[in-house]
Amino acid sequence: MRFYSTNNLQATVTTEEALFHSMPVDKGLYMPTPLPHLGASFFERIAGDTLADIGYAISKELFGAEINSGDLEELTHKAFPFDTPVVDLEPGKIGVLELFHGPSLAFKDVGARYMAALMSYFSKRNDKEVNILVATSGDTGGAVAMGFHNVPGIRVSILYPSGRVSDLQEKQLTTLGGNVQAFEVDGSFDDCQAIVKQAFVDAELNATLSLSSANSINIFRLIPQGFYYVRAFGQVRKYGKPVIFSVPSGNFGNLSAGVMVQQMGLPISHFIASTNLNHVVPTYLESGIYSPKASVATISNAMDVGNPSNFVRLKHLYGDDFQRTSNNVSGFFYDDEETRAGMRRINELYDYVACPHTAIGIMGLQAYLKASEKDVAGISLATAHPSKFKPLVESVLEKSVGVPERLAILSQRIKQSIQIPADYQVFKESLLQTVSSH
Ligand SMILES: *Cc1c(COP(=O)(O)O)cnc(C)c1O
């Protein structure tokens, strides 16, 4: 499999290059080429399997020429020890695809763990330890830290702004130990990001360490997200209806992954892009005009994105054809007031507790079903466990929300971080020290 940059269709790179260097030098985004058409019958055949087996079957088609099948099978099973079940709210009409049964309780586990497993494979093959640097404002860092924890051949350094992440997020970053080192920066998220950026252009540091980023734009986080669309399809095909997906969206990685697997042949008949007030894509789908904006803060804050990084990927997938895009994707958006009301209604109607992002997905699906009057099996992606937004969900629903055991035990663990000022030289010395002491 090779990858082109959305800024240069001619110059393609290998799997390994796209994996370890998330972003092409021309600042485009990598896309797989050619995207293999596996056909509906291929997906019909594997859709009843576990998430890990589905992941293995598709990975073999994509990377079988570069990675032997024994290794591929092992790495997909290591990446996906959990399931992504569909919970019926209205059987055959509205289902919720729960993507939060992994370690950090959000769908980002799926992409982070697969990327980590692939990086581990190549680092072993090259017999070279890889150092991942990540700056996080809280959420993504947890999925990455947990995804890479105890993965052989990889060391992870996470930089986060001191005092500016939630207690639970901090525990996810700082209590793992082993190959994961947290740097607590006396500064903002932007300071953390600036330090990481400087590290990548520091020739001396790069001569000593093999540095890589686990950036959210890495195409290897998107590819595995296609696997759970297949798993969901397998759980609702018994209804014998066309299958549609509603995707609560921010940077539109999740939706791009769905369109990618649809183009590989998974029979998905329609998508719904559900957003909060950051609605540049729903507006584009109505008007054909894309005008990125500064993001506005909402209660579904993982979707507060004013200029979605994967919009350019969506455009490429549809050959820059607006008509084709808007025939395949409908958009809906909701403000905070509507989101709160939606969370309450979902709880009353279905006795289901949805996080604000998930509620927006379900609302978009309901709105589409009502407007189109289509008889379809609708699935809304549940992107995070409600306990990740415990204070908010509890105040909206006026009831308590349980925290899963695997997260609750974190609160008893002791935080371990290296505290540094927002200063690149201090970070560099400290990083070299921690690496050499292992
Ligand atoms: C990241 C995230 C989203 C948005 O997903 P994109 O792929 O960026 O569109 C939605 N919900 C939750 C809980 C998230 O963490």
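**Exercise 1. The shell around the ligand**

Task: Work out how the residues of the shell around the ligand divide by class, and which come nearest.

Solution:
- Start with the classes. The shell residues divide into six nonpolar, seven polar and two charged. This is a predicted model.
- Next, pick out the nearest residues. There are 15 residues around the ligand, and K108, G250, N251, F252 and T383 come nearest.
- Now look at oxygen atoms of the ligand. One is 2.8 Å from a polar backbone atom of G250. For N251, a polar backbone atom again has a ligand oxygen at 2.8 Å. At G253, the distance from a polar backbone atom to a ligand oxygen is 3.1 Å.
- Finish with the surface. The ligand taken alone exposes 390 Å², and the protein buries 95% of that.

**Exercise 2. Helices α11 and α12**

Task: Describe how helix α11 and helix α12 cross.

Solution:
- Locate the helices. Helix α11 covers residues 225-236, and helix α12 covers residues 253-263.
- Give distance and angle. Two packed helices are described by the angle between their axes and the distance between those axes. Here the axes come within 8 Å and cross at roughly 65 degrees.
- Add the hand. The crossing of α11 and α12 is right-handed.
- List the contact. From α11 come Q225, G226, Y228, Y229 and V230. From α12 come G253, N254, L255, A257, G258 and V261.
- Sort by class. This contact has six nonpolar, five polar and no charged residues.
- Link back to the ligand. G253 is part of the contact with α11, and a polar backbone atom of G253 is 3.1 Å from a ligand oxygen.

**Exercise 3. Helices α4 and α5**

Task: Do the same for helix α4 and helix α5.

Solution:
- Locate them. Helix α4 spans residues 69-79, and helix α5 spans residues 108-125.
- Give the geometry. Their axes come within 9 Å and cross at roughly 145 degrees. The crossing is right-handed.
- Name the partners. D71, L75, T76, K78 and A79 of α4 meet R113, Y114, A117, L118 and Y121 of α5.
- Sort by class. The contact has six nonpolar, one polar and three charged residues.

**Exercise 4. The surroundings of Q366**

Task: Find the helix that holds Q366, then the residues in contact with Q366.

Solution:
- Place the residue. Q366 is in helix α17, residues 356-372.
- Set aside neighbours within four places in sequence. Q366 is then in contact with I94, R345, L349 and Y350.
- Look at Y350. Its side chain makes a polar contact with the side chain of Q366, at 3.2 Å.

**Exercise 5. Two backbone details**

Task: Where do P34 and D127 lie, and what is found in the backbone there?

Solution:
- Recall the background. Most residues other than glycine have a negative phi, and most peptide bonds are trans.
- Take P34. It lies in the loop between β3 (30-33) and α2 (40-46). A cis peptide bond joins T33 and P34, with omega about -10 degrees.
- Take D127. It sits in the loop between α5 and β6 (130-135). D127 is not a glycine, although its phi is positive, about 50 degrees.

Methods: Residues numbered from 1 in each chain as written. Predicted model: local features only at pLDDT ≥ 70, side-chain atom pairs only at ≥ 80, totals over all residues. Heavy atoms only, no water. Axes fitted to C-alpha atoms, helices over the stretch in contact; angles between N-to-C directions. Helix = DSSP H or I, 4+ residues; strand = E, 2+ residues; numbered from the N terminus. Left-handed = near helix turned anticlockwise from the far one by under 90°. Contact = heavy atoms within 4.5 Å. Nonpolar A, V, L, I, M, F, W, Y, C, P; charged D, E, K, R; others polar. Near = heavy atom within 4 Å. Polar contact = N/O pair within 3.5 Å; in protein donor to acceptor, adjacent residues only side chain to side chain. Areas by Shrake-Rupley, 256 points an atom, 1.4 Å probe, with all protein chains shown as cover.
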